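User: Got a structure open here and I'd like to talk through how its pieces fit together. Can you walk me through it?

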Amino acid sequence: MNSQLSDVPSHSWLGSPIDARSLFAPEQAALMAMLRGLAPADWGKEAVPGWTVRDLAAHILGGFYGRLARDRDSHRNGPAFTPGETLEAFIHRINQEWVDAHRRVSPAALTDTLDLIGGQITRYFEAADPNSPSVGVSWAGIDPAPMWLDSARDFTEFWTHRQQIRHAVGQDTDPDPRLLSVVLDTFMRALPHTLHEVAASVGTQIQVQVDSPAGGTWTVTATGDRWSLAEPDAEPPAAVVRLDVETAWRLCTRGIQPDTALARARIDGDRALAEAACQIVSIVY
């Protein structure tokens with residue numbers, strides 16, 4: 001699958017646009033197959049700190065409903081910020097409120113609802129205009145964001161939560177390169193924002209390489225006013241960071257901390273720049 005669209009000049013520093021539209025259906029199918037295969041005891045296992053598998057499944061459903069309500073149905077009666085509340089605190093609060101309310105819902109009913117609403121989410125994203133303006137992506141430092149990035153961000157969230165459930169019940173990360181390659185490509189769009197306070201001379205490049213059939217190479221370049229993922233020139237990078245695929249996606253989602261990733265990484269060149277790149281985080285954290 002070609003995951004890229006023609007470039008959008010105003011967002012060129014984010015790199016070539018990603019087209020994740022066709023991947024929501026296989027991701028939804030994988031989620032449903034996994035949930036329907038769980039044993040009753042699996043639903044009570046911890047998936048992320050403080051949340052069970054059932055809690056995380058309820059959280060996924062909340063994400064489905066929120067997207068449809070806000071962007072498909074133009075529904076504006078959702079929760080509001082409290083005075084002085086940050087974006088991160090707001091998101092964590094409303095997520096917890098939703099999960100708490102759904103603890104009365106059985107796993108069977110939750111699974112059936114995820115199947116129904118997940119189909120609607122798939123159709124919504126398949127029909128989305130990738131170049132239209134959408135809500136901001138805070139970890140990429142852009143608001144409003146182009147729809148291609150906003151939708152790819154949601155795709156990575158659904159994929160990540162499915163991996164968290166897989167790990168909770170003793171399964172390994174799904175290696176399907178159709179999905180994982182787009183997840184990694186989306187996560188790396190956080191690099192320019194990650195480095196926005198790192199001073200370097202114009203033209204300085206940092207390269208991140210992920211060794212895997214689903215991996216790739218991302219080169220971020222210092223320009224006059226920002227770091228950019230636009231096409232690099234032929235100059236050798238000042239720093240190269242090589243990561244295995246499991247380290248890369250877990251770092252971006254803070255399943256591991258930067259110090260752990262750096263201990264596993266192979267680094268060539270300027271270590272300070274490499275360490276700065278390894279501060280990458282591609283979720284609201």
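User: Let's start with helices H6 and H8. Is their crossing left-handed or right-handed?
Analyst: The crossing of H6 and H8 is left-handed. Keep in mind that this is a predicted model.

User: OK. What's the angle there, and how far apart are the axes?
Analyst: H6 and H8 pack at about 50°, and their axes are 10 Å apart. That angle makes H6 oblique to H8.

User: Which residues meet in that contact?
Analyst: On the H6 side you have Leu180, Leu184 and Phe187, and they meet Val245, Ala248, Trp249 and Cys252 of H8. Sorted by class, the contact has 7 nonpolar residues, with no polar and no charged ones.

User: And H6 overall, why call it largely enclosed?
Analyst: Helix H6 covers residues 177–187, and 8 of its 11 residues are buried, so the rest of the structure largely encloses it. Leu179, Leu180, Val182, Val183 and Leu184 are among the buried ones, and Asp185, Thr186 and Phe187 are also on that list.

User: What do those buried residues pack against?
Analyst: Three helices and two strands: H1 (24–36), H5 (147–168) and H8 (245–252), plus strands E5 and E6 (216–222).

User: Switching to the sheet. What order do the strands come in?
Analyst: The order is E7-E6-E5-E8-E9, in an open sheet of 5 strands with mixed pairing. E7 (227–228) and E9 are the edge strands, each pairing on one side only.

User: Where does H8 sit relative to that sheet?
Analyst: H8 packs on the sheet and touches E5 and E8. The direction of H8 makes about 100° with that of E8.

User: Let's do E5. How many of its residues are buried?
Analyst: 6 of its 7, so E5 too is largely enclosed by the rest of the structure.

User: Does E5 run parallel or antiparallel to E8?
Analyst: Parallel: E5 (residues 205–211) and E8 (residues 239–244) are joined by 6 bridges. Glutamine 209 has arginine 242 of E8 as its bridge partner, and aspartate 211 is partnered with aspartate 244, also in E8.

User: And what about E5 with E6, parallel or antiparallel?
Analyst: Those two run antiparallel, again with 6 bridges. E5 and E6 form a hairpin with 4 residues between them. If you want a pair to click on, glutamine 207 stands opposite threonine 219 in E6.

User: How many bridges are there between E8 and E9?
Analyst: There are 4, and E8 pairs with E9 (residues 266–269) in the antiparallel sense. Alanine 239 has glycine 269 of E9 as its bridge partner, while valine 240 stands opposite aspartate 268.

User: Back to helices, then. What's the angle between H1 and H4?
Analyst: About 170°, with the axes 9 Å apart. H1 and H4 are therefore roughly antiparallel to each other.

User: Which residues are in that contact?
Analyst: From H1, it's Phe24, Ala25, Gln28, Met32, Leu35 and Arg36. They meet an H4 set that includes Thr111, Asp112, Leu114, Asp115, Gly118 and Gly119, with Thr122, Phe125 and Glu126 on the list as well.

User: How many nonpolar, polar and charged residues does that make?
Analyst: The contact of H1 with H4 has 6 nonpolar, 5 polar and 4 charged residues. In the contact of H6 with H8, by class, there are 7 nonpolar, no polar and no charged residues.

Terms used:
Residues are numbered from 1 along each chain as its sequence is written. This is a predicted model: local features need pLDDT of at least 70, side-chain atom pairs count only at pLDDT 80 or more; totals for chains, interfaces and linings use all residues. Side-chain values use heavy atoms; hydrogens and water are left out. Two strands pair if DSSP finds at least two bridges between them. Buried means under 20% relative accessible area, exposed over 50%, partly exposed in between (1.4 Å probe, protein chains only). Contact means heavy atoms within 4.5 Å. Axes are lines fitted to C-alpha atoms, for helices over the stretch in contact, and angles run from 0 to 180 degrees between N-to-C directions. Angles under 35 degrees count as roughly parallel, over 145 as roughly antiparallel, 65 to 115 as roughly perpendicular and the rest as oblique. A crossing is left-handed if the near helix is turned anticlockwise from the far one by less than a right angle, and right-handed if clockwise. Ala, Val, Leu, Ile, Met, Phe, Trp, Tyr, Cys and Pro count as nonpolar, Asp, Glu, Lys and Arg as charged, and the others, Gly among them, as polar.
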